[in-house]
Amino acid sequence: LTVGVVRESRSGETRVALVPKLVERLRGRGLRIVVESGAGAGARLADELYEQAGASIGDAWAADVVLKVAPPTADEVGRLSRGTVLIGFLAPLSDVECVRALEEAGVTAFAVESIPRISRAQAMDALSSQSSVSGYRAVLLAAQRLPRFFPMLTTAAGTVPPAKVLVLGAGVAGLQALATAKRLGARPTGYDVRPEVAEQVRSVGAQWLDLGIEAVGEGGYARELTEEERAEQQRRLSEAITGFDAVVTTALVPGRTAPTLVTADAVRGMRPGGVVVDLAGESGGNCELTEPGAEVVAHDVTICSPLNLPAEMPEHASELYSRNLTELLELLVDTEGALALDFSDEVVAGACVAGAPSSTGEVTEAKGN
Ligand code: NAD
């Protein structure tokens with residue numbers, strides 16, 4: 001079975017789906033790895049490193065299994081032949097067109113976003129690994145834009161109090177943001193509508209902001225707030241936000257537009273020089289003044305909405321992502337290194353967004369060995 005590692009074509013995408021370190025592990029499972037020339041360039045991984053690890057440089061799009069980072073463009077879907085297995089971020093809830101195109105092209109597609117978030121699949125959880133990178137980078141960005149110190153300083157020239165950092169949404173990205181702010185010496189506070197995360201917030205050394213609004217949905221995710229709840233949340237947050245130097249927002253509800261947590265009024269209430277880093281820009285943003293992908297200044301507050309922070313740290317982001325994909329791929333092949341898709345397995349069935357057999361329980365044998 002051949003596994004192809006293709007070069008990402010989306011603007012700004014520097015990550016690669018498989019790093020040389022993991023080529024050897026997959027070869028040990030009887031797989032042949034073909035890498036498109038330059039696939040690792042954005043992460044400073046030259047073709048030679050892949051060759052040294054036992055991969056060959058060639059037409060990765062013709063492989064039996066193609067590994068990708070970003071969802072394929074229409075042109076890229078056209079390069080996949082019928083029967084190919086594709087694994088990557090496919091945005092199945094928002095990019096319905098892409099999934100339909102893959103289905104029509106006869107591709108069996110596995111979206112990493114759709115891998116069930118159960119204990120057994122934790123090592124495959126690419127949403128988590130990349131969200132951790134985003135949370136970390138978001139706080140570094142906030143620290144850089146803030147015209148004040150993050151840590152407390154006691155110097156001969158005076159004492160500086162620590163910056164107060166508020167993180168809205170304490171999921172994977174939010175918790176990493178809180179932990180990073182703490183490590184940088186700031187005083188972090190976390191907020192979420194899922195009360196069970198209060199303990200996790202405290203465990204990274206942050207304070208918990210209780211606004212008295214809870215919204216627990218299905219599968220451990222938050223549910224969308226009602227109109228009244230949203231208005232009340234915005235009102236209470238506007239009051240709370242005034243005391244913070246930096247606000248990092250990460251609130252998402254799967255498949256929905258991101259909730260507006262920080263209104264223009266709340267921004268106006270922040271201290272001059274404050275910073276908002278909005279990680280929800282791709283889903284519309286958590287701040288009313290956010291311009292996805294841009295950095296704007298309003299009411300003397302800088303509002304940043306970076307769209308692909310993991311791509312700013314391609315080396316480790318690619319390495320973690322490669323581990324996630326390797327774990328998933330190992331679930332899709334048998335001990336001989338042939339494709340064996342067991343759709344009675346909830347991880348396999350859950351992740352498959354195109355080309356799944358209509359009856360469950362079917363085991364599909366390899367297209368090529
Ligand atoms: P996410 O990116 O979908 O959302 C980020 C956070 O925003 C969540 O914590 C959510 O509760 C919060 N949020 C949504 N609407 C909000 C609002 N109106 N106000 C404030 N906060 C709001 O979530 P995620 O970080 O990908 O994961 C969420 C949870 O999923 C995790 O914390 C965990 O419980 C669970 N999870 C489980 C596993 C596993 O078991 N394998 C792995 C990863 C995550």
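Leaving aside its neighbours within four places in sequence, with which residues is Val 165 in contact? Select Val 165 and you will find that Ala 142, Ala 181, Ala 186, Arg 187, Pro 188, Phe 244, Asp 245, Ala 246 and Val 248 are in contact with Val 165, where contact means that the C-beta atoms of two residues, placed from the backbone, lie within 7 Å.

Before going on, note that this is a predicted model, in which local features need pLDDT of at least 70 and side-chain atom pairs count only at pLDDT 80 or more, while totals for chains, interfaces and linings use all residues. Residues are numbered from 1 along each chain as its sequence is written.

**The whole chain**

Show the whole C-alpha trace, which spans about 65 × 45 × 35 Å along its principal axes. A compact globule of 369 residues would have a radius of gyration near 21 Å, and the chain agrees with this at 22 Å; the radius is taken over C-alpha atoms, and the globule rule is 2.2 Å times the number of residues to the power 0.38. Coloured by secondary structure, the chain shows eleven helices and 18 strands, which are DSSP runs numbered from the N terminus, helices being H or I with at least four residues and strands E with at least two. Of the 369 residues, 47% count as buried, which requires 20 or more other C-beta atoms within 10 Å of the residue's own, whereas 12 or fewer make a residue exposed and numbers in between make it partly exposed, with C-beta atoms placed from the backbone. Among contacts with a separation of 6 or more, 64% join residues 24 or more positions apart.

**The nonpolar core**

Next, select Val 5, Ala 142, Val 165, Leu 178 and Val 248, the residues with the most contacts inside the largest nonpolar core, which has 114 residues. Such a core is a set of buried Ala, Val, Leu, Ile, Met, Phe, Trp, Tyr and Cys residues joined through C-beta atoms within 7 Å. Helix α5 gives the largest share of this core, eight residues.

**Helix α6**

Leu 178 leads to the next stop, since Leu 178 is one of the buried residues of α6. Select residues 172-183: the twelve residues of this helix should span 16 Å at 1.5 Å a residue, and the end C-alpha atoms are 17 Å apart, which agrees; the expected span is 1.5 Å times one less than the number of residues. Nine of the twelve residues are buried, so α6 is largely enclosed by the rest of the structure. To see what covers these buried residues, add α5 (126-145), β9 (164-168), β10 (187-191), α7 (198-203) and β12 (246-249), which are among the covering elements.

**Around the ligand**

Now turn to the ligand and the 29 residues around it, of which Arg 117, Gly 169, Gly 171, Ala 222 and Ala 251 come nearest; a residue is near a molecule if its C-beta atom, placed from the backbone, lies within 6 Å of it. The elements giving two or more residues to this shell are α5 and α6. By type, the shell divides into 16 nonpolar, nine polar and four charged residues, where Ala, Val, Leu, Ile, Met, Phe, Trp, Tyr, Cys and Pro count as nonpolar, Asp, Glu, Lys and Arg as charged, and the others, Gly among them, as polar.

**Gly 185 and Pro 162**

Past the end of α6, select Gly 185, which follows the helix and has a positive phi near 90°. The C-alpha atom of Gly 185 is separated by 6.7 Å from that of Pro 162, 23 residues apart along the chain. Pro 162 lies in the loop between β8 (158-160) and β9, and counts as partly exposed with 19 C-beta neighbours inside 10 Å.

**Loops with further points of interest**

Which loop holds Phe 89? Phe 89 is in the loop between β5 and α4, where it counts as buried with 20 C-beta neighbours inside 10 Å. In the loop between β5 (85-88) and α4 (96-104) you can also select Ala 91, which has a positive phi of about 45° although it is not a glycine. Ala 91 is partly exposed, with 17 other C-beta atoms within 10 Å.

Finish at Arg 44, in the loop between β2 (32-35) and α2 (47-52). Arg 44 is not a glycine, yet has a positive phi of about 60°, and counts as exposed with 12 C-beta neighbours inside 10 Å.
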